Amino acid sequence: YGNTTIKFKRTTNKEISKISYKKIITLTIFAITILMSSCKIPSKVQLYKITFDTDGGSEVPFQKIYEGTKVSPVRNPVKADYGFDGWYLNGEKFDFDTKIYEDITLKAQWKWLYSVTLDTDKGQVFADLKIKDGYPTDKLPTPKKAGRIFKGWYTDKNFETLYDETLPVTEDFTVYAKWETQTFANPYTNEILNLNTKIYKFINL
């Protein structure tokens, strides 16, 4: 077709780098746009106030938490002559796994404390138990006394009624430890002895 000459323009390394850089920038912007369109970013983060009403007990600081999060557990307050019985919201016991979407006030519930005296008849000494109204004592401690075997707690000094640890406490009262004398056999005479018996010294000649 004649003497037509076709000339190819040689692309320099600098021009190639420039083109690649533009492509990278374009692809990055595109990826960020796609990512942002798929995410819901709240325009404002809401904070709510959690107030603790201890009803005359020791003070508990308020909390500020984000919307949809949970209240952090707090140390139980104390109040003279009362036992703490939980935090309540609108008359219902509050569940600390609840997610919060408004300001709330949690109110402390209290139970009167009754005293349970443990009379061990000169055995091991215990401080009075403090039991919340309507709660059982549960398992009472097992006392010790030299030369005696503990036989249970009773509601009377004559040991006629065994104390039931599952009953709810509704008043102050005393329980009495019943003891049985511990005995042992004299290894030389087979005589039955106890700590009230005269102590003999045996010498093996």
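A salt bridge is a side-chain nitrogen of Lys or Arg within 4 Å of a carboxyl oxygen of Asp or Glu. In the predicted model described here, a search of the whole structure finds three such pairs, and these are taken up below after a short account of the confidence of the prediction. The average pLDDT of the protein is 84, and 74% of the residues reach a score of at least 70. Over residues 198–205, however, pLDDT stays under 50, and for this stretch the model has three contacts beyond four places in sequence.

One of the salt bridges is formed by the side chains of K132 and D85, with a nitrogen-to-oxygen distance of 3.4 Å. Because K132 belongs to strand β6 (residues 129–132) and D85 to strand β3, the pair ties together parts of the chain that are 47 residues apart in sequence. The two partners can also be described by their accessibility: K132, at 21% relative accessibility, counts as partly exposed, whereas D85 has a value of 10% and therefore counts as buried, since the cut-off for a buried residue is under 20% relative accessible area.

The surroundings of D85, which lies within residues 82–89 of strand β3, were examined further. In addition to its pairing with K132, the side chain of D85 makes a polar contact of 2.4 Å with the side chain of Y135. When neighbours within four places in sequence are left aside, the residues in contact with D85 are K93, Q109, W110, K111, K132 and Y135.

A second pair joins the side chains of K70 and D97, with a distance of 3.9 Å from N to O. This pair links distant parts of the chain, 27 residues apart, as K70 is found in the loop between β2 (63–66) and β3, while D97 is found in the loop between β4 (92–93) and β5. With a relative accessibility of 41%, K70 counts as partly exposed, and D97, with a relative accessible area of 55%, is exposed.

The side chains of D121 and K145 also meet in a salt bridge, at 3.6 Å from N to O. Here D121 lies in the loop between β5 and β6 and K145 in the loop between β6 and β7 (148–154), so that parts 24 residues apart in sequence are tied together. Both residues fall in the partly exposed class, D121 at 42% relative accessibility and K145 with a relative accessible area of 21%.

Attention then turned to the nonpolar residues. The largest nonpolar core holds 14 residues, of which I50, F52, V71, W87, F94, I100 and L106 touch the most other members. Strands β1 (47–53), β3 and β5 (104–119) each supply at least two residues of this core, and β5 gives the most, with four residues. The contacts of F94 illustrate the arrangement: apart from residues up to four places away in sequence, F94 touches V71, W87, Y88, L89, I100, I104 and L106. A second, separate core consists of 11 residues, among them L118, I131, L140 and V175.

How values were computed: Residues are numbered from 1 along each chain as its sequence is written. This is a predicted model: local features need pLDDT of at least 70, side-chain atom pairs count only at pLDDT 80 or more; totals for chains, interfaces and linings use all residues. Side-chain values use heavy atoms; hydrogens and water are left out. pLDDT is the predictor's confidence in each residue, from 0 to 100. Contact means heavy atoms within 4.5 Å. A polar contact is a pair of N or O atoms within 3.5 Å; within protein, one must be able to donate a hydrogen and the other to accept it, and residues adjacent in sequence count only if both atoms are side-chain atoms. A nonpolar core is a set of buried Ala, Val, Leu, Ile, Met, Phe, Trp, Tyr and Cys residues joined through side-chain atoms within 4.5 Å. Buried means under 20% relative accessible area, exposed over 50%, partly exposed in between (1.4 Å probe, protein chains only).
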